[in-house]
Amino acid sequence: MPNNTSLHRIRIWDLPTRSFHILLVLCVAGLLITGEVGDNAMQLHFWLGYAVLTLLLFRVVWGFVGGHWSRFVNFVPMPSQLSAYVQAVRMKQTPLNAGHNPLGALSVLAMLSILLIQVLSGFMSDDEITNTGPWVALIPADWVELATEYHSEIGKVLIIALVVVHVSTVLYYKYFKKEDLITPMLTGDKVLPVSTHDSRDTLTSRLFAMSILTGCGYVVYRLVNLS
Ligand code: HEM
Ligand code: HEM
């Protein structure tokens, strides 16, 4: 929507993508805390883990059918785009991006993949006291040992490292490059000097997202009850 200074308010992050982000942040924070607390907090740990898997499956589907800027095809960079972006950053000419910039896109993909691996390793983890993931009885004992070691030693550290890099980068953009990425992730809109695609964000698309989320919840329910 152009205004009289020829800036354009563009819907970049549709409500489903923004809700996905907020819920993911809350669940991952809750998982890191409940995992460390252990004991009685583990029941909540499992439920939050199932919620994260539902959210991740939703985000993958939404990456194909969601609003323009949430689609993988519109943010996963080709190697040539990536090297052009890195080159531009080196020359201190960082181009303005409507959606995720090419480096940000890689960190998004890394976070989604590492979170998925963490959830799946949790399904196969066993604390050898009272808490066993839902797939422990279905797989060989040495897989359980490997998955548990990965889940509690490696995956946890990788997630914390990626989140620290993610949040530091967003803050670096805000305070050093004076580009606020946080407000658009909360309100959905960016004000840009050029007009570009709006992400579809209507009542229908939001209801569509709810139905996808429900379907993903059902898939997770089946995965938890595989036996
Ligand atoms: C557990 C902590 C967090 C996780 C796992 C996480 C994960 C993610 C993911 C997966 C995306 C991609 C969104 C999508 O395309 O669907 C994203 C984007 C984003 N996150 Fe986070 N996030 C976390 C914490 C935060 C915090 C605390 C902030 C604010 C300071 C933040 C600000 C943002 C912003 C601004 C974007 C959009 C970046 C861009 O414009 O390219 N995140 N985050
Ligand atoms: C993104 C998702 C997840 C994160 C970030 C996460 C994080 C953690 C953390 C930090 C711990 C404590 C590790 C330690 O001992 O220091 C832990 C333990 C554990 N988690 Fe998760 N977890 C996730 C998902 C899951 C899921 C989905 C399940 C099961 C369905 C699960 C089952 C377990 C079990 C059984 C333990 C105890 C392992 C042991 O004592 O060695 N986790 N998790």
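Here is a short walk through a few places in this structure, which is a predicted model.

Let's start at ligand 2. Its shell holds 24 residues, and those that come nearest are Gly 35, Gly 49, Gly 122, Asp 127 and Ser 152. Several helices chip in: α1 (15-37), α2 (42-65), α4 and α5 (141-175) each give two or more residues to that shell. Sort the shell by class and you get 11 polar residues, 10 nonpolar ones and three charged ones.

Helix α4 spans residues 102-123, and Leu 120 sits in it. Leu 120 has 19 C-beta neighbours inside 10 Å, and because buried starts at 20, Leu 120 counts as partly exposed. If you look from Leu 120 across to Tyr 50, you're jumping 70 residues along the chain, yet the two C-alpha atoms are separated by 10.0 Å.

Now follow the chain out of α2. The loop between α2 and α3 is where you'll find Arg 71. With 16 other C-beta atoms within 10 Å, Arg 71 is partly exposed too. Leaving aside residues up to four places away in sequence, Arg 71 touches Gly 63, Phe 64 and Gly 66. Leu 223 is another matter: it lies 152 residues from Arg 71 along the chain, with 26 Å between their C-alpha atoms.

Past that loop comes α3, made of the 12 residues 79-90. From first C-alpha to last, α3 reaches 16 Å, close to the 16 Å expected at 1.5 Å a residue. Don't look for a buried face here: α3 is hardly covered, and zero of its 12 residues are buried. After α3 you meet Lys 92, which has a positive phi, near 55°.

Definitions and conventions: Residues numbered from 1 in each chain as written. Chains lettered and ligands numbered in written order. Predicted model: local features only at pLDDT ≥ 70, side-chain atom pairs only at ≥ 80, totals over all residues. Helix = DSSP H or I, 4+ residues; strand = E, 2+ residues; numbered from the N terminus. Expected span 1.5 Å × (residues − 1). Near = placed C-beta within 6 Å. Nonpolar A, V, L, I, M, F, W, Y, C, P; charged D, E, K, R; others polar. Contact = placed C-beta atoms within 7 Å.
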